[in-house]
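Take a walk through this structure, one stop at a time. Keep the sequence and the 3D view side by side.

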Amino acid sequence: MATSIASALALMACTGFAAGADLSLPSIISDHAVLQRSPHCRIWGWANTGDRIIVSLGKARGTGTAGADGRWTVEMDLAGAPAGPDELVVEGRARIVVKDVLVGDVWLCSGQSNMAFSLDGALGAVNEIDHSANPSLRQFKVAETVAAAPQERVEGAWTVAGPADSGKFSAVAYFFGKTLQEKLKRPIGLVNAAYPASSAQSWTSIGNLEADALRDRDRFLGLPQRFREHVARLSAWTQEHHRQDHPGDPAVFADPAADTAGWTPVTLPGTLADAGLPDTGAAWVRRSIAIDAGQAGKELTLTFDKLELGSVYWNGEKIDEVTPDTQRFAVSWEPAWTIRVKAERVRAGTATLAIRLFTPAGGASLRFDAKRNPLLAGEWLARSEFAFEPLDAAAKDAYPGIPPVKDFYDHFSPSSLYDGMLNPLRPFAFTGVIWYQGEGNTWQPDVYRRVFPRMIADWRDRLGSELPFLLCQLPNHGAKSPEPGENQWAELREAQSLALKLPRTGEAVLIDTADADLHPRNKRDPGERLAKIALSQVYGETAICSGPVFDAISIEGANMRVTFTNPDGILVAKPLPANYVVGYRSPDPASAETAPLALPSQGSEIQGFAIRGEDRQWHWAQARIEHASSGKPRDSIVAWSGEVPKPIAIRYAWAENPTCNLVNGAGWPACPFRSDAPSPEQAEARQPEH
């Protein structure tokens with residue numbers, strides 16, 4: 001009885017009070033909802049086929065009929081509706097009352113972990129949350145859901161900004177919505193549909209995926225069946241050739257106090273056969289590892305280039321295992337066999353690492369990169385536990401090997417997050433989208449050039465053809481680069497900027513906002529910059545909402561002149577601090593950890609420029625602002641390097657964590673760029689269309 005009551009209460013909390021079981025609403029249409037102030041606001045749900053549905057909100061009213069699949073949609077004109085709050089009443093065979101509903105602007109807030117990052121972890125969180133009470137600012141948190149096919153329903157609930165709940169708002173979305181609400185004086189709804197570590201492909205519907213992504217999707221979805229088939233083949237082979245494992249007491253081999261007098265020395269990486277040990281069956285290798293005080297209390301990662309059947313023991317405790325019938329997870333960007341020793345197990349002194357290798361078809365070995373794993377390289381001790389008779393060539397060839405590993409997270413599967421988290425929101429009406437993602441695609445910036453604009457077009461096809469799309473360019477991150485050169489994060493930023501060739505797009509450049517952490521705590525600047533772009537581009541306010549954007553170069557002897565498309569035509573050298581923030585220990589701004597800032601171009605007015613000549617070597621450049629004059633109607637940059645007498649290309653802020661300080665008169669940072677080898681798409685995208 002208690003379970004039934006709990007279920008009923010959960011349903012009431014999600015959909016409002018329902019007097020019958022045949023009429024229901026999606027979770028996004030629930031108590032405290034914000035509905036789009038639109039002449040085409042759609043309310044939908046499910047009922048018995050043929051049921052007539054009446055929906056009303058104040059004076060607005062609409063009717064519809066449930067189709068053969070039980071789904072119904074009612075469109076209402078809310079363009080002139082008062083802000084509320086009011087009750088949304090849905091009537092069919094039953095009656096649902098959704099309470100405390102506002103009418104305003106609703107923004108979809110999506111991306112990966114930096115959009116999911118909650119306000120309670122952001123800089124200044126305590127003070128912000130304490131003063132966050134605002135009944136006109138609300139968030140709907142879409143449950144993190146991965147799906148293999150388009151879903152109709154997803155869990156979620158609306159919460160109202162205030163000290164009790166604001167901490168769980170997306171921090172970027174909160175500062176975005178707060179800025180809009182204060183300026184526009186209307187309700188703002190934030191639909192938080194973000195998933196950490198996700199890719200653009202996972203947010204694209206299956207109908208708009210590229211061929212490569214479709215193949216990846218088929219491979220991901222087909223893995224369970226391939227795994228089952230492989231395990232069956234391996235089991236049959238094992239039975240046929242009598243290669244069953246029969247492990248003994250592991251303590252005999254893995255205990256740090258075990259007697260190793262009869263063990264054989266073996267040099268690894270290498271094979272056990274090289275030490276005269278049996279090639280098949282089960283064998284143990286072990287080694288003493290010295291842990292110094294600096295390593296103690298920190299997670300230790302051991303990596304092997306080849307996955308083996310076996311078990312790994314650390315000081316006699318089993319910490320990892322690969323079996324013939326267990327799905328192994330090994331992401332593609334890590335070595336095949338990656339083993340993590342938890343921090344609490346890593347203690348100063350001598351540790352014993354013991355590994356049991358089971359090789360039914362022979363070839364017992366450990367392969368690893370000695371430079372990456374200095375603790376593993378050198379002499380080990382080895383001992384055979386049992387051996388099999390040698391196999392003939394045909395039996396060896398028939399050995400199926402280790403079952404296929406799972407080399408991806410479920411949310412990496414193309415379309416998986418669109419299907420699980422966005423499709424259930426259709427046909428809810430939105431004012432626009434804010435987007436913070438790209439970290440999950442930094443290893444493929446060339447692909448992102450194609451898939452990101454494709455994803456935006458896909459969302460507009462399915463969520464609204466005129467949907468404004470405002471994005472966060474990836475901020476500064478990681479270590480400072482002592483020398484200029486190639487960088488995938490810089491290329492990914494460029495790929496993001498290329499999407500500006502699409503209409504109704506905007507970009508918040510964040511190259512000056514973050515600490516070095518992958519999840520910077522400063523979420524106020526990203527949110528507020530997105531809001532200022534929205535106020536200008538979506539709401540028509542006259543305000544500068546962009547920094548200088550690269551336009552053209554000209555070569556003047558040993559100098560390069562750079563001109564920009566710049567809303568105010570003014571270039572400014574922003575003062576740089578003596579130290580930069582590496583990270584924050586907590587949301588308290590006083591918890592900053594800093595490091596000295598070494599300027600790449602000593603004595604230069606502007607930092608962050610690099611130049612190369614015909615030798616294709618990049619050198620940091622001196623750069624200065626040349627202000628507008630009668631012959632030059634706008635400010636420009638003149639850059640040079642004594643090591644490049646004949647420059648041919650220039651870059652700015654082309655690094656993962658660049659030191660750079662070019663802004664315009666309004667303080668907006670210049671967008672990172674490169675002049676070398678622009679693609680046709682880059683040339684098209686230099687001047688955004690809005």
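Start at Ser132, in the loop that links helix H3 (125-130) to strand E9 (134-142). Bear in mind that this is a predicted model. Is Ser132 buried or exposed? Its relative accessibility is 2%, so Ser132 counts as buried. The cut-off for that word is under 20% relative accessible area. A polar atom of the Ser132 side chain lies 3.4 Å from the backbone oxygen of Gly162. Gly162 also appears among the contacts of Ser132. With neighbours within four places in sequence left aside, those contacts are Ala161, Gly162, Pro163, Ser166 and Tyr174.

Move on to strand E19, residues 349-359, and find Arg356 there. Arg356 has a relative accessibility of 6% and therefore counts as buried. Which side chain joins that of Arg356 in a polar contact of 2.9 Å? The partner is Asp245. Around Arg356 there are further contacts, not counting residues up to four places away in sequence. Among them are His246 and Pro247. Ala282, Ala283 and Trp284 also touch Arg356. So do Leu309, Gly310 and Ser311. Glu385 and Phe386 complete the list, together with Asp245 itself.

Helix H10 comes next, covering residues 488-498. This helix is mostly covered, with 9 of its 11 residues buried. The buried residues in H10 include Trp489, Ala490 and Leu492. Arg493 and Glu494 are buried in H10 too. The run goes on with Ala495, Gln496, Ser497 and Leu498, each buried. Look also at the start of H10. There, a side-chain oxygen of Asn487 comes to within 2.9 Å of the backbone nitrogen of Trp489.

Now turn to the cysteines. How many disulfides does the model hold? The count is 0. A disulfide would need two cysteine sulfur atoms within 2.5 Å. For Cys109, the nearest cysteine sulfur belongs to Cys472 and is 10 Å away. Cys109 is in no disulfide. With a relative accessible area of 0%, Cys109 is buried. Cys545 is in no disulfide either. The nearest cysteine sulfur to Cys545 is that of Cys671, 13 Å away. Cys545 is buried as well, because its relative accessible area is 12%.

The last stops are spaces rather than residues. First, the pocket. The largest pocket holds about 700 Å³ of space. It is lined by 29 residues, and those closest to its centre are Ser199, Phe412, Gly440, Trp443 and Gln444. Which elements give two or more residues to this lining? They are helix H5 (211-241) and helix H9 (445-463). H5 supplies the largest share, 5 residues. By type, the lining of the largest pocket divides into 12 nonpolar, 10 polar and 7 charged residues.

Then, the enclosed space. A search of the whole structure turns up 1 cavity of 30 Å³ or more. The largest cavity contains about 40 Å³ of space. Which residues line the largest cavity? Gln201, Thr204, Asn208, Leu209 and Glu210 take part, along with Val451 and Arg454. This lining divides into 2 nonpolar, 3 polar and 2 charged residues.

Notes. Residues are numbered from 1 along each chain as its sequence is written. This is a predicted model: local features need pLDDT of at least 70, side-chain atom pairs count only at pLDDT 80 or more; totals for chains, interfaces and linings use all residues. Side-chain values use heavy atoms; hydrogens and water are left out. On a 1 Å grid over the protein atoms alone, a cavity is a set of points where a 1.4 Å probe fits but cannot get out, and a pocket is an open set with protein on both sides within 12 Å along at least five of seven lines; lining residues have an atom within 4 Å of a point. Grid points are joined across faces, edges and corners, and a volume is the space filled by probe spheres set on the points. Ala, Val, Leu, Ile, Met, Phe, Trp, Tyr, Cys and Pro count as nonpolar, Asp, Glu, Lys and Arg as charged, and the others, Gly among them, as polar. Helices (H or I, at least four residues) and strands (E, at least two) are DSSP runs, numbered from the N terminus. Buried means under 20% relative accessible area, exposed over 50%, partly exposed in between (1.4 Å probe, protein chains only). A polar contact is a pair of N or O atoms within 3.5 Å; within protein, one must be able to donate a hydrogen and the other to accept it, and residues adjacent in sequence count only if both atoms are side-chain atoms. Contact means heavy atoms within 4.5 Å.
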